[in-house]
Amino acid sequence: MIDTSKLMLTNRLLAEEAIRRGYSLSMMASRPSAKSYTIRCEKDGKEFYFKSLHTALSPSYAVFMAGDKLLTRSMLNYHNVPTPDTAVVYLDDLNNYKIPDNVENLLYRYGRLVVKPATTNHGRGITIDVRSEKDLRKAIEVAYHEEYEPDIIVQQMVFGREYRFLVLQGEVLAVAYRRPPFVVGDGVSTIRELIDRKNLDPRRGEGHSSVLTKIDLDQVINDNPEGFLDIVPNIGTEVDVLKTSNLSRGGESVDVTDEASCELKTMAVHAAKACSLGIAGVDIVTQDISGNGQDSYVLEVNASPGIRMHQFPSVGIAHDVAKDLFSAIEKTAHPIVE
């Protein structure tokens, strides 16, 4: 029996489901220090593999496509899936310290932009609400140095809440609102003290191994004005301490599966199909989760989405998506070749 406690949460949930169904499991690491293992499942002379939600349900070119945000956007646009207006800063522009005209035009047209590396994950290197040329240059530098990514995406900032749609083979299994990390004032404690107190929650850990992730004080300092941590919020006042809504940065999830409209679920399915993904996490920004999809945009399509936000939401109904996902994954089993 393998020790599933060593696995990241999505991998662990799938592995535990495999064990319940009588599979013999092997953990395969690419190097001794690896924290993410590929799992081999064997039963009745057949085998299959998964690494979180990297599975045989999505072809390799689709995974490559989802990892390149520029290519993803091209595919979404080709299939008429709405995305924010976008421009690109290339390495040559960075070397020449020149912001391309089309990027500057984007700033003048919309007034508020989002800047991120073309291949970022978990919110790294992203700057939100850029409003000036000075801040645009700084955001581009942050994006480049965070990921050492030569291509930087600059996008129209769109408004509304961001939701994650989990899609499996043309069906939406669950929808979650991921709210940014926040604290609630008590009229006495500083934001620093409130964060420290929140991080004591036993459900919070480092990275993706726990149901919730601890809020990183260094990130909060970097993302907010000087003195922010010393503010004492009023009783009951909710204060977002980071702008990004990633669970990997300490955010929390609210299940809205039953509230999400058919139109938005169809948009998510369409986005997953446009990228040829059997399993996908589709991020959609909308001002009305129960509406007809007007003024809604697909931001990203993820090939291996985490499932803790659906399995363990902070608010709302928990969905045992690991069970449904595993049922689809085990159908990829093939005879063992000696």
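In this predicted model, Ser 52 is found in the loop that runs between strand β3 and helix α2, the latter spanning residues 60-67. The phi angle of Ser 52 is near 55 degrees, which is a positive value in a residue other than glycine. Most residues other than glycine have a negative phi. With a relative accessibility of 15%, Ser 52 counts as buried, because the limit for that class is set at under 20%. A second residue with such a backbone angle is Asp 44, whose phi is likewise near 55 degrees and positive although the residue is not a glycine. Asp 44 is placed in the loop between β2 (38-43) and β3. In contrast to the buried Ser 52, Asp 44 is exposed, since its relative accessible area of 71% lies over the 50% that marks an exposed residue.

Strand β3 also takes part in the aromatic contacts of the model, through Phe 50. A pair of aromatic rings is described by the distance of the centres and the angle of the planes. The structure holds 5 aromatic pairs, and one of them joins Phe 50 to Phe 326, where the ring centres are 6.4 Å apart and the planes stand at 90 degrees, so that the pair is classed as edge-to-face. This pair links distant parts of the chain, given that Phe 50 belongs to strand β3 (residues 46-50) and Phe 326 to helix α11 (residues 321-329), with the two positions 276 residues apart in the numbering. Phe 50 is buried, with a relative accessible area of 1%, and Phe 326 is buried as well, with a value of 0%. The two phenylalanines are also members of one aromatic cluster, which is formed by Tyr 23, Phe 48, Phe 50 and Phe 326. Over the ring of Tyr 23 sits the charged end of Lys 43, at 4.4 Å from the ring centre.

Another aromatic pair is made by Tyr 163 and Tyr 177, and its geometry is tilted, with 5.7 Å from centre to centre and 50 degrees between the planes. Because Tyr 163 lies in strand β8 (residues 161-168) and Tyr 177 in strand β9 (residues 171-179), the pair ties together parts that are 14 residues apart in sequence. Both Tyr 163 and Tyr 177 are buried. The ring of Tyr 177 has the charged end of Arg 161 sitting over it, 4.3 Å from its centre. Strand β9 also contains Val 172, which is buried with a relative accessible area of 14%. Between the C-alpha atoms of Val 172 and Ala 303, residues that are 131 positions apart along the chain, the separation is 15 Å.

The helices can be described by the side on which their buried residues lie. An α-helix has 3.6 residues a turn, so residues three or four places apart point the same way. In helix α11, which contributes Phe 326 to the pair described above, the buried residues are Val 321, Ala 322, Leu 325, Phe 326, Ala 328 and Ile 329. These residues cover an arc of only 160 degrees around the axis, and therefore lie on the same side of α11. In helix α5 (residues 101-110), the residues Val 103, Glu 104, Leu 106 and Leu 107 are buried. Their arc around the axis is only 150 degrees, which puts them on the same side of α5. The face of α5 that is turned away from this buried side carries the exposed residues Asp 101, Tyr 108 and Arg 109. Just after α5, Gly 111 takes a positive phi of about 80 degrees.

Enclosed empty space was also examined. Rolling a probe the size of a water molecule over the atoms shows where empty space is left. The count comes to 1 cavity of 30 Å³ or more, and the largest cavity has a volume of about 130 Å³. The lining of the largest cavity is made up of 16 residues, of which Lys 69, Thr 72, Arg 73, Leu 299 and Glu 300 lie nearest its centre. At least two lining residues are supplied by each of α3 (69-78), β7 (152-156) and β16 (297-302), and α3 gives the most, with 5 residues. In terms of chemical character, the lining of the largest cavity divides into 8 nonpolar, 4 polar and 4 charged residues.

Definitions and conventions. Residues are numbered from 1 along each chain as its sequence is written. This is a predicted model: local features need pLDDT of at least 70, side-chain atom pairs count only at pLDDT 80 or more; totals for chains, interfaces and linings use all residues. Side-chain values use heavy atoms; hydrogens and water are left out. On a 1 Å grid over the protein atoms alone, a cavity is a set of points where a 1.4 Å probe fits but cannot get out, and a pocket is an open set with protein on both sides within 12 Å along at least five of seven lines; lining residues have an atom within 4 Å of a point. Grid points are joined across faces, edges and corners, and a volume is the space filled by probe spheres set on the points. Helices (H or I, at least four residues) and strands (E, at least two) are DSSP runs, numbered from the N terminus. Ala, Val, Leu, Ile, Met, Phe, Trp, Tyr, Cys and Pro count as nonpolar, Asp, Glu, Lys and Arg as charged, and the others, Gly among them, as polar. Rings of Phe, Tyr and Trp (its six-membered ring) pair if their centres lie within 6.5 Å; planes under 30 degrees apart count as stacked, over 60 as edge-to-face and the rest as tilted. Buried means under 20% relative accessible area, exposed over 50%, partly exposed in between (1.4 Å probe, protein chains only). A charge sits over a ring if NZ of Lys or CZ of Arg is within 6 Å of the ring centre and within 35 degrees of the ring normal. The arc is that of the directions from the helix axis to the C-beta atoms.
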